[in-house]
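This report looks at how a protein chain surrounds its bound partners. Please keep the sequence and the structure at hand while reading.

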Number of protein chains: 2
Amino acid sequence: MLGAIEAGGTKFVCAVSDEQINIVDTVKFATTTPAETLQKVIAFFKRYPVTAIGIGSFGPIGVKAGQADFGHILNTPKLAWQNFDFLGVLKAQLQVPCYWTTDVNIAAYGELQAGAAQGLSNVVYLTIGTGIGAGVIVAKKFYYGLSHTEVGHVLLQQQPSDHFSGSCPYHQGCAEGLASGPAIEQRCHKKAAQIPADNPLWQLEADYLAQLCHNITLMFVPERIIFGGGVMHQKQLFPLIRKQLTAKMNHYVSLPPLDQYIVPVGLGDQAGIIGGLYLAKKLVNAE
Amino acid sequence: MLGAIEAGGTKFVCAVSDEQINIVDTVKFATTTPAETLQKVIAFFKRYPVTAIGIGSFGPIGVKAGQADFGHILNTPKLAWQNFDFLGVLKAQLQVPCYWTTDVNIAAYGELQAGAAQGLSNVVYLTIGTGIGAGVIVAKKFYYGLSHTEVGHVLLQQQPSDHFSGSCPYHQGCAEGLASGPAIEQRCHKKAAQIPADNPLWQLEADYLAQLCHNITLMFVPERIIFGGGVMHQKQLFPLIRKQLTAKMNHYVSLPPLDQYIVPVGLGDQAGIIGGLYLAKKLVNAE
Ligand SMILES: Nc1ncnc2c1ncn2[C@@H]1O[C@H](COP(=O)(O)OP(=O)(O)O)[C@@H](O)[C@H]1O
Ligand SMILES: Nc1ncnc2c1ncn2[C@@H]1O[C@H](COP(=O)(O)OP(=O)(O)O)[C@@H](O)[C@H]1O
Ligand SMILES: [Zn+2]
Ligand SMILES: [Zn+2]
């Protein structure tokens, strides 16, 4: 059997499947301390004969095999998790091969294998939720430079009409600070889900997300940008983003047809777990 | 012998060297029509027994081997060059193996082999000149997505004190439109080289270049960013960029020591040609 862990900053999801990625069991629990959380993870997997586990973790994390911080969570604001050797603890307890990458990367991989990026080689998966993050796949592999990307914190042009000070404690005018779920909610003083679809807030949101797409297009040059995360339940954002991206790019580079370029996640909330299972399968097949 | 071509939008440079990259002869001429320009290129190389040529061209260009537009110049504003089969014409005339990539990529490769990026694997070479462009090397290879990057046109936050409308005909507030040589000269109505080092213009310029570094750092996560091009003759920019990048990043990610992270080009104006020669050498060795 195959295993997957989607290790988020607020909740963990674990799943096991057969070799055809049919999910057999799933468990969810809140992210508390590393000891308590990992104990639940380990208890879950000990009940199944898993041969490999694909893990996507909140970050920043060490992703370079062979480096001392590989498999660790690094300088996260969640202090109890700082420098925690996630992969080391898990492998010691479960004694199975594990694939280790970011939470957004496993979702991107799920989309590549079974979602909205099937058949492609270069895709960016963006989550617009509590934070903004990107899983980047280039030539069918995860993109890493010296480490994984932090696309959510690129700087955007704040609209003159938008006087919100931003929700990112680090940056003025970064994408996460202007366009994440908490940014919307702090700006509007209400739940994002309760803001009507025709509220001008969504024009502003689409402007920021179109800027993010503009910059991603010019830097990574993907074949497709896939949007997931809670905020993207607002489906009216998709045509708005496409329109504003077209205006911003102004024919400087030719974009693929926009309804195939800016698309919603194909696997919904399952993208991460399914990606993790496919990564586990890849590990088993490589042996 | 080895050959190299740095095909710029305003001038071409061709060179030949021995197998140890000692340059034996160089020629420079203005970029006119494709026919006239290529004739001069071909006449130059026909005088030497070259076994391979490394070419870096202005763009956008087709860089994906096997695609119909590989080796072509694409939709450039220089109309005579649009859709010109640069590589095809050259190979037909000279009958030697040619390595084909962008002008900024060959400069990045020169820096990797013999300049300020020796020993590294992930570097971004930025030219700040008539335009802004980036050569991106990841795991010692040129970065391509669906095509090459166009980093010069990412959007920046325009300073409230800066009322310049931008020099890019496509975008409002892109890096090239705010921070290229022509942008400086249109804003200040004088030659950039004549603006004193203590003029506040250079603070503004450093702010924009620091924003570009911020975004490049979070997206590509390089080990080093190397700056070349005419504008970077203003050496006072380097400490200003480092300081402003530190302030903008605000410890969100840990940067390498800044005097090793933001550095001037090691090979000066020779980076492109030397990179082209190394690429020719690589082709010869691969045979
Ligand atoms: N229907 C909705 N419309 C707009 N925003 C939503 C909706 N549902 C959730 N959100 C926002 O998405 C954020 C949570 O994102 P989500 O992707 O579900 O979780 P996380 O990013 O923590 O994994 C919250 O800030 C919330 O405001
Ligand atoms: N010493 C200098 N100080 C500031 N700017 C300069 C200097 N020399 C050249 N430039 C600017 O650099 C630009 C030319 O860039 P350069 O890299 O030399 O050529 P290109 O980009 O066309 O290959 C011009 O716009 C010019 O204003
Ligand atoms: Zn931020
Ligand atoms: Zn532009």
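A residue is taken to be near a molecule if one of its heavy atoms lies within 4 Å of it. In this predicted model, the residues that surround ligand 1 include Gly129(A) and Thr130(A), Gly181(A) and Pro182(A), Glu185(A), Ala192(A) and Ala193(A), together with Gly229(A), Gly230(A), Val231(A), His233(A) and Gln234(A). By character, this shell divides into seven polar residues, four nonpolar ones and one that is charged.

Polar contacts between ligand 1 and side chains of the protein are listed below, each given as the distance to an N or O atom of the side chain.

| Side chain | Atom of ligand 1 | Distance |
|---|---|---|
| Thr130(A) | oxygen | 2.6 Å |
| Glu185(A) | oxygen | 2.4 Å |
| Gln234(A) | nitrogen | 2.8 Å |

Taken alone, ligand 1 exposes 570 Å², and the protein buries 66% of that area.

We turn next to the metal site. The zinc ion (ligand 3) has as its protein donors the ND1 atoms of His153(A) and His171(A) and the SG atoms of Cys168(A) and Cys174(A), which lie 2.1 to 2.4 Å from the ion. Along the sequence, these donor residues of the zinc ion (ligand 3) follow the spacing H-x14-C-x2-H-x2-C. The angles among the four donor atoms run from 100 to 121°, and the site of the zinc ion (ligand 3) is tetrahedral. For comparison, the ideal angle for four tetrahedral donors at a metal is 109.5 degrees. Of the donor residues, His171(A) and Cys174(A) are buried.

Notes
Residues numbered from 1 in each chain as written. Chains lettered and ligands numbered in written order. Predicted model: local features only at pLDDT ≥ 70, side-chain atom pairs only at ≥ 80, totals over all residues. Heavy atoms only, no water. Polar contact = N/O pair within 3.5 Å; in protein donor to acceptor, adjacent residues only side chain to side chain. Areas by Shrake-Rupley, 256 points an atom, 1.4 Å probe, with all protein chains shown as cover. Nonpolar A, V, L, I, M, F, W, Y, C, P; charged D, E, K, R; others polar. Donors = N, O, S within 2.8 Å, 3.2 Å for Na, K, Ca; no water. Tetrahedral: all angles 85-135°; square planar, octahedral: opposite > 155°, others 65-115°. Buried < 20%, exposed > 50% of the residue type's maximum accessible area, 1.4 Å probe, protein only.
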